[in-house]
Amino acid sequence: VFDMDGTITVLSLPLEAMRNDTKEYYISKGLPPELLEPADGISSSTVKAKNYFLSNGRSLSDWAQMEYEVDVILNKLERSAAEEAEVLPGALEVVKQARAHGFLTAILTNNGRISVDKIMEQIPLAEHFHIIQTRHESPKPKPHPDGILKIISELGVELDEVIYIGDALIDGTAATRAGVEFWGVATGETSAEKLV
């Protein structure tokens, strides 16, 4: 199972803008800024925001609306990056070799379905992967293990038969939480030293 950005495709997402826009959105809705740390990414900011808002009188429907609005923000940034998507040199050759040896292959990305579909208009990813799963099909996005576990179930394989390959700390965290082996690649946002 592969991550996409920085693992299969060249990392072109404006990650810092996505993280900042997510934080700014929650703060604009009343989240105290001091609850967020500079190291918080989209997922950890969202968990903190959800806990805060639901503990302070907001309803589940209020929260669902906020999640929807954050998704709109992220989709806009992802879609513009998707227009420039290109494959990392050698990445699809590795996938082809894995499939030739009988391995099942999948992508698990925190990108939304809109941007992934846009990328697939330019890059023929679907022919190389049995499953391409976005944050919209995952019960919870990485670093939660839910997306990996869903793919494992759909492929009908065991935990010890799975390797998750990614370029970010959230990839390694999701793999560890799912109970599968993680292989880090230093082709995206995180150095080899940090991945180790």
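Contact here means that heavy atoms lie within 4.5 Å. With that in hand, let us walk through this predicted model, starting with a lysine and then moving on to a helix, a methionine and the empty spaces.

**Lys118 and its partners**

Lys118 sits in helix α5. Not counting residues up to four places away in sequence, Lys118 touches Arg79, Ala82 and Glu83. Take Ala82 as an example: Lys118 and Ala82 are 36 residues apart in sequence, yet their C-alpha atoms are 6.1 Å apart in space. Is Lys118 buried or exposed? Its relative accessible area is 18%, and buried means under 20%, so Lys118 counts as buried.

**Helix α3**

Ala82 also belongs to the buried residues of α3, together with Trp63, Met66, Val70, Asp71, Leu74, Asn75, Leu77, Glu78 and Ala81. An α-helix has 3.6 residues a turn, so residues three or four places apart point the same way. Which helices do the buried residues of α3 pack against? They pack against α1, α2 and α5 (113-122).

The length of α3 can be checked as well. It has 23 residues, and at 1.5 Å a residue they should span 33 Å; the end C-alpha atoms are 32 Å apart, which agrees.

**Met4, before the first helix**

Met4 lies in the segment before α1. Its relative accessible area is 0%, so this methionine is buried. Leaving aside neighbours within four places in sequence, Met4 is in contact with Thr9, Ile107, Leu108, Thr109, Asn111, Val116, Ile119 and Leu125. For a longer-range distance, consider Lys140: Met4 and Lys140 are 136 residues apart along the chain, and their C-alpha atoms are separated by 17 Å.

**The empty spaces**

Rolling a probe the size of a water molecule over the atoms shows where empty space is left. Here are the volumes:

| Space | Volume |
|---|---|
| Largest pocket | about 1,300 Å³ |
| Second largest pocket | about 410 Å³ |
| Largest cavity | about 40 Å³ |

The largest pocket is lined by 48 residues, and Ile42, Ser43, Asn110, Pro141 and Lys142 lie nearest its centre. Four helices each supply at least two residues of this lining: α1 (15-28), α2 (42-55), α3 (60-82) and α7 (169-178). Which helix gives the most? That is α2, with seven residues. By class, the lining of the largest pocket holds 18 nonpolar, 13 polar and 17 charged residues.

The second largest pocket has a lining of 14 residues, with Val1, Phe103, Leu104, Glu161 and Ile163 nearest its centre. Here α4 (91-100) and β3 (163-166) each contribute at least two lining residues. The lining of the second largest pocket divides into 12 nonpolar residues, one polar and one charged.

How many cavities of 30 Å³ or more are there? The count comes to one. The lining of the largest cavity brings back some names met above: it is made up of Asp5, Ser12, Leu13, Glu78, Ala81, Ala82, Ala85, Asn111, Ser115 and Ile119. Both α3 and α5 supply at least two of the lining residues of this cavity, and α3 gives the most, with three. Five of the cavity's lining residues are nonpolar, three are polar and two are charged.

Two links are worth a look on your screen. Asn111 and Ile119 line the largest cavity and are also among the contacts of Met4. Ala82 lines that cavity too, and Lys118 touches Ala82.

Notes
Residues are numbered from 1 along each chain as its sequence is written. This is a predicted model: local features need pLDDT of at least 70, side-chain atom pairs count only at pLDDT 80 or more; totals for chains, interfaces and linings use all residues. Side-chain values use heavy atoms; hydrogens and water are left out. On a 1 Å grid over the protein atoms alone, a cavity is a set of points where a 1.4 Å probe fits but cannot get out, and a pocket is an open set with protein on both sides within 12 Å along at least five of seven lines; lining residues have an atom within 4 Å of a point. Grid points are joined across faces, edges and corners, and a volume is the space filled by probe spheres set on the points. Ala, Val, Leu, Ile, Met, Phe, Trp, Tyr, Cys and Pro count as nonpolar, Asp, Glu, Lys and Arg as charged, and the others, Gly among them, as polar. The expected span of a helix is 1.5 Å times one less than its number of residues. Buried means under 20% relative accessible area, exposed over 50%, partly exposed in between (1.4 Å probe, protein chains only).
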